[in-house]
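Please open the structure in your viewer and keep the sequence panel visible beside it. The tour below proceeds by selections, each followed by a description of what is found there.

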Amino acid sequence: MIKVENLVKHYGDVQALRSINFEVHDGEIIGFLGANGAGKSTTLKIMTSFIAPTSGNVYVDNLNILEHSLAIRKRVGYLPELNPLYGEMKVYDLLEFTAKIRGIEGKSFKKAFSRVVDQCGLEGVIHRPIADCSKGYKQRIGLATAIIHDPKILILDEPVSGLDPNQIVEIRELIKHLGQEKMVVISSHILQEIEVTVDRIIIIHQGKIVADGTSQELMSGFHGKVQLTLEIKNATEESIKALPEKVADITLLNESKVNDHVALALEYPKEKDPREALFQYALASNWVILEMTPHRAQLEDIFRMLTIEGGADA
Amino acid sequence: MHNIKAIYAKELRSYFNSPMAYIFLVFFVLFNGYFFTNTFFLIDQSDLRSLFNVVPLVYLFFIPVITMGLIAREKNLGTIEVLSTLPIKDHELVLGKYFSAITLILAGLGFSLVHFFTLVAVGTNIDYGAVLCGYLGLAIVGAFYAAIGIFASSITENQVVAFIISVVIVLVFFLMDKLLIFVPSSIAGLIQFLSVEYHLSNISRGVIDSRNLIYFGSMIWLFLILTVRLVEARKWR
């Protein structure tokens, strides 16, 4: 288990982290979400011992990064943001070097090597200089170096940023597969990139955690209203005007005419569902319903609200 | 030790994967060869003194070139983040890199042995002890300048800046005893003791005094410690 406790980090006068607390359990994939500059990378850099916190600590099992940095680094695989690699090095040489530092040599290196080449799909580029590989390959090479020692903890800083949609799907699948037996922390500033991969989402804003939970939990805890688009035919003005009185909980937001259709924008509280009453009313008024689509608050909206408006209670 | 070896092998490979090592070796040998043969046949003496005089000059610019990228380049590429989150101690990182630079310098000196073979072929009454001491002196000074170079490389992420800083520091140590006439006599002794030339000339003459070895040893140690501290400093920024 990883336990991040009261992390605070100042860069000069800038307060990058203001007290970060969270836990990661075995076999859990955590999505670390926030706008650029929110403090995601800083948190991950502290967790990997690249930088030290101003105060606070990170515990891995019974070790902590201030006293047992080396022991923790042995258990962690890390892919930094922007995935820095030595361009002139060959893929094989880089993996061999990383493995050597990790204490994997000889037979066990051969085994580990064929495992990561297989998992990351590197067969075609093994003897190529890294600089000659495409961005997608580079990302997989970075990932391969991070998992060569089969770490218990995998920390990936924006692993899919800048990849094309197909590559994103590939990396996602790989991360999901790895996450079955490891603790994985992935950061991103784009929700859709990680939404489907992760078990739990932590949203960070201006150095503070503003939300922590599964996507279901985040959405159900969100106080909002559901908007409903209703497109109808054969409706009279009066019957539309009367709608809010006849059907409970519904507010009429907008009304627009397209040929002989009328499109209505309606709204109702999240916990109520007046669609059945609406249908009965339409039937009674002789409307023909062409479309009825509710728009639930998406995770995206929650993210935007939390990180733009400075953190409503989620 | 294991980690130092791994870093060392990686650095050495990176020297030889880029044109750096080849350019260094070729020009190092060319420069020294030119200046050596220029005078060797004129002065008509069976020694390598003209070589031993020119190599420290060539070092001035050549060693900063091979050390400038050692740490600055890792910072510039961002690979320092990968390296320092691996289970390696910072001093292992610095030492592995430092030894790789020393190896390249020793390789350069090794190629200059061709002049020694010339000497054996054409000379008479060769003082082998003097040759050995001369080479020992060059190796030690090379190690000193490399320590300055890696220190300069850890200050910045810009290799050109690292180059300039190390040339300046090396130049200060190199020129110190030439400036003795400008300093008050009370500190002249100290300045002289700090200069490279003073200690190198002793070793080259065959007088291997512990004071000279302690000077070089502690200077190398000082610059390496400073380098390790600077590498560590990223944590506390």
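Begin with Ser49(A), which is placed in the loop between α1 and β4 of chain A. Please bear in mind throughout that this is a predicted model. Is Ser49(A) buried or exposed? Ser49(A) counts as buried, because 22 C-beta neighbours lie inside 10 Å and the cut-off for a buried residue is 20 or more. Its backbone also deserves attention: Ser49(A) has a positive phi of about 70°, although it is not a glycine. Most residues other than glycine have a negative phi.

Next, select Asn6(A), which is found in strand β1 of chain A. Asn6(A) is not a glycine either, and it has a positive phi of about 50°. Asn6(A) has 13 other C-beta atoms within 10 Å and is therefore partly exposed, since that class lies between 12 or fewer for exposed and 20 or more for buried.

**The sheet of chain A**

Now display the strands β2, β1, β4 and β5 of chain A. These four strands form an open sheet in the order β2-β1-β4-β5, with antiparallel pairing. In general, strands of a sheet pair through backbone hydrogen bonds, either parallel or antiparallel. Which strands lie at the edges? They are β2 (14–24) and β5 (63–64) of chain A, each of which pairs on one side only.

Look closely at one of these edges. Strand β4 (residues 55–60) of chain A is joined to β5(A) by two bridges, and the two strands run antiparallel. Select Tyr59(A) to find a bridge: its partner in β5(A) is Asn64(A). Then add helix α1 (residues 40–47) of chain A, which packs on the sheet and touches β1 (2–11), β2 and β4 of chain A. The direction of this helix makes about 120° with that of β1(A).

**The two domains of chain A**

Colour residues 2–219 of chain A as domain 1 and residues 225–296 as domain 2, following the domain assignment. Taken over C-alpha atoms, the centres of these two domains of chain A are separated by 48 Å.

Within residues 237–246 of chain A, which form helix α9, select Ser239(A). Ser239(A) is partly exposed, with 17 other C-beta atoms within 10 Å. Add Ser285(A) to the selection: Ser239(A) and Ser285(A) are 46 residues apart in sequence, yet 6.7 Å apart in space, C-alpha to C-alpha.

**The nonpolar cores**

In soluble globular proteins, nonpolar side chains tend to be buried together. The largest nonpolar core here has 131 residues, and those touching the most other members include Val184(A), Ile186(A), Ala101(B) and Ile150(B). Helix α8 (residues 128–155) of chain B gives the most to this core, with 14 residues. Centre the view on Ala101(B); beyond its neighbours within four places in sequence, its contacts include Ile66(B), Leu70(B), Ala146(B) and Ile150(B). Another core, of 13 residues, lies apart from the largest one, and Val262(A), Leu264(A), Leu266(A) and Trp287(A) are among its members.

**Where the chains meet**

Finally, show both chains together. The contact takes 21 residues from chain A and 21 residues from chain B. On the side of chain B that touches chain A, α1 (2–17) and α5 (79–83) of chain B each supply at least two residues. The largest share of that side, six residues, comes from α1(B). By class, the side of chain B that touches chain A has seven nonpolar, eight polar and six charged residues.

Definitions and conventions. Residues numbered from 1 in each chain as written. Chains lettered and ligands numbered in written order. Predicted model: local features only at pLDDT ≥ 70, side-chain atom pairs only at ≥ 80, totals over all residues. Contact = placed C-beta atoms within 7 Å. Nonpolar A, V, L, I, M, F, W, Y, C, P; charged D, E, K, R; others polar. Pairing = 2+ DSSP bridges. Axes fitted to C-alpha atoms, helices over the stretch in contact; angles between N-to-C directions. Domains from an automatic or database assignment. Core = buried A, V, L, I, M, F, W, Y, C linked by C-beta atoms within 7 Å.
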